[in-house]
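Subject: Structure for your review

Dear colleague,

Please find below the structure that I am handing over to you. My notes on what was found in it follow directly after.

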Amino acid sequence: MSSTDPGTQPPENGEQAPRRNVRGHDWRHAMRSEFSDWQLWWARAVMVALAVISGLVIVGFTALAELAYDLFAQLRSRWWWSPLLWTPLVACAVVWCTRRFAPGAAGSGIPQVMAALEVGERPAARSLFVSLRLSLAKILLTAGGLLGGLSLGREGPSVQIAAGVMLQARRLVKDQRRIHVHGLLVAGGAAGIAAAFNTPLAGVMFAIEELARAPEQRNSGLIITAIVLAGLVAVSIYGNATYFGVIRVEHLNLALLLPGLVLTLLAGVAGGLFSRLLIASLRGQGRDPLSRLRARRPIVFAGACGLLVAAIGLVTGGATFGSGYESTRAMVEGSGVMHVAYAPFKFLATWLSTWSGVPAGIFAPSLAIGAALGNDVALLVFHTQVPALIALGMVGFLAAATQAPLTAFIIVMEMVNGHAMVLSLMSCALVASFVSRLISPPLYPTLARLQLERIPPPPLEQAPHR
């Protein structure tokens with residue numbers, strides 16, 4: 001077979017035909033195909049702009065959430081007993097507003113995005129789970145929960161918020177074939193994680209592991225573009241700093257093996273129980289008095305949960321209030337040691353905050369619980385390998401609670417700059433997630449199926465009159 005293109009004859013002197021013209025023709029054709037379609041470039045420009053806006057929105061949401069919790073801390077420092085009144089009042093107000101104006105904003109936000117991925121191109125059903133209106137409501141209501149000192153995180157809500165922003169590309173691009181809903185939702189959700197945690201790699205893995213579960217549904221170019229831009233916005237504003245500081249592991253040896261294994265199993269069991277408890281509570285099918293109260297009087301139930309969260313916070317000296325960021329950072333940096341009771345109390349406070357019905361994420365509280373478990377095991381082995389055990393506890397409990405081991409591993413590795421513990425963190429995440437699967441079904445897919453039950457059935461067609 002001749003190496004020249006069809007229709008091209010070799011020269012008579014036997015020399016090889018020059019390929020410059022062919023390459024030039026191909027290059028010019030590719031350039032014309034790439035730049036002549038202005039609608040394609042408009043769609044790309046819209047997605048780039050919305051990715052940047054998503055990052056800015058998450059940064060603003062972070063600032064608002066931190067301001068809200070700072071105001072609560074100031075209130076508590078002035079009147080130590082104020083959470084007993086303020087926290088239940090705020091819980092009632094947030095749940096009332098959520099149920100009255102934005103039912104789709106309740107909970108974490110990750111199940112809503114997964115449900116929106118299921119309904120795909122059905123705008124009416126999709127708007128029940130992800131929209132710009134729900135993004136705004138999520139920002140205000142989650143910040144309201146932190147204003148009351150409830151034990152919740154903002155990372156899960158960031159997924160729903162950023163997905164709602166990215167979805168606005170469908171309004172700005174006339175040719176809907178150029179922008180797929182699935183790609184926008186996955187890219188927005190991943191960008192939310194990347195900007196909230198300042199962990200771009202974790203955003204990529206979250207998109208693949210939790211949102212885009214089928215290979216044919218993945219749009220890697222769009223996802224990576226959104227993640228990079230959202231992460232760049234976060235880094236530009238907050239600096240290239242780790243979320244919980246830098247963990248310092250001097251040396252790893254066999255002395256870590258036994259306590260690390262015990263911690264991994266403990267985190268797997270605790271995370272599995274946490275996931276199972278959340279699913280059973282949020283499903284709302286319990287026959288116990290509290291479940292019946294939640295079904296009949298949801299506002300009163302929210303106030304009761306808020307009162308219990310306030311009582312737990314006062315018993316622990318305020319440690320269980322909020323997301324747990326300060327406690328976790330203190331443990332990671334070695335500047336503070338938590339009481340052995342912190343982990344179970346934080347567990348209860350986070351469960352009650354989520355069960356109350358307020359918009360609440362569990363990522364940051366899960367990391368706090370895991371860090372406390374690692375701290376407790378370190379105390380049992382006489383403060384041996386404390387930083388390493390804290391990091392293992394964080395990744396183990398988060399992986400068990402979410403059953404997303406790769407996402408948990410990368411989040412913790414990036415947040416604490418734990419590259420020296422790559423294999424240890426990965427092994428802990430995989431084993432803890434396996435243990436959790438023996439105890440509980442996957443948390444987010446199960447809650448997503450509950451979200452899909454909110455879709456009203458199609459109207460029955462009336463039989464024609466005879």
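To begin at the surface, tryptophan 80 sits in the loop that links α2 (38-78) to α3 (83-101). Please bear in mind throughout that this is a predicted model. With a relative accessible area of 61%, tryptophan 80 counts as exposed, because that term applies to values over 50%. Tryptophan 80 also belongs to a nonpolar surface patch of about 670 Å², whose other members are Trp79, Trp81, Leu84, Leu85 and Leu307.

Turning to the interior, one cavity of 30 Å³ or more was found when the whole structure was searched. The space in the largest cavity comes to about 40 Å³. Its lining consists of Phe206, Glu210, Phe363, Leu398, Thr402, Ala404, Thr407, Ala408, Ile411 and Tyr444. Sorted by class, seven of the lining residues are nonpolar, two are polar and one is charged. Three helices, α10 (200-211), α18 (386-402) and α19 (405-415), each contribute at least two residues to this lining. The greatest contribution is that of α19, which supplies three residues.

Between two of these helices, α18 and α19, runs a loop that holds glutamine 403. Although glutamine 403 is not a glycine, its phi is positive, at about 55°. Is glutamine 403 buried or exposed? Its relative accessible area is 9%, and glutamine 403 is therefore classed as buried, the limit being under 20%.

A second loop residue deserves mention. Valine 358 is located between α16 (342-355) and α17 (363-380). Valine 358 has a relative accessible area of 0% and is therefore buried. Its C-alpha atom is separated by 9.1 Å from that of leucine 150, although the two residues are 208 residues apart along the chain.

Finally, I would draw your attention to helix α4, which spans residues 110-119 and is mostly covered, with nine of its ten residues buried. The buried residues of α4 are Ile110, Pro111, Gln112, Val113, Met114, Ala115, Ala116, Leu117 and Val119. Just after α4 comes glycine 120, where phi is positive at about 60°.

With kind regards

How values were computed:
Residues are numbered from 1 along each chain as its sequence is written. This is a predicted model: local features need pLDDT of at least 70, side-chain atom pairs count only at pLDDT 80 or more; totals for chains, interfaces and linings use all residues. Side-chain values use heavy atoms; hydrogens and water are left out. Patches are made of residues with over 30% relative accessible area and no salt bridge: like charges are joined within 9 Å, nonpolar side chains (Val, Leu, Ile, Met, Phe, Trp, Tyr) within 5 Å. Accessible areas come from the Shrake-Rupley method with a 1.4 Å probe; for residues, only the protein chains shown count as cover. A salt bridge is a side-chain nitrogen of Lys or Arg within 4 Å of a carboxyl oxygen of Asp or Glu. Helices (H or I, at least four residues) and strands (E, at least two) are DSSP runs, numbered from the N terminus. Buried means under 20% relative accessible area, exposed over 50%, partly exposed in between (1.4 Å probe, protein chains only). On a 1 Å grid over the protein atoms alone, a cavity is a set of points where a 1.4 Å probe fits but cannot get out, and a pocket is an open set with protein on both sides within 12 Å along at least five of seven lines; lining residues have an atom within 4 Å of a point. Grid points are joined across faces, edges and corners, and a volume is the space filled by probe spheres set on the points. Ala, Val, Leu, Ile, Met, Phe, Trp, Tyr, Cys and Pro count as nonpolar, Asp, Glu, Lys and Arg as charged, and the others, Gly among them, as polar.
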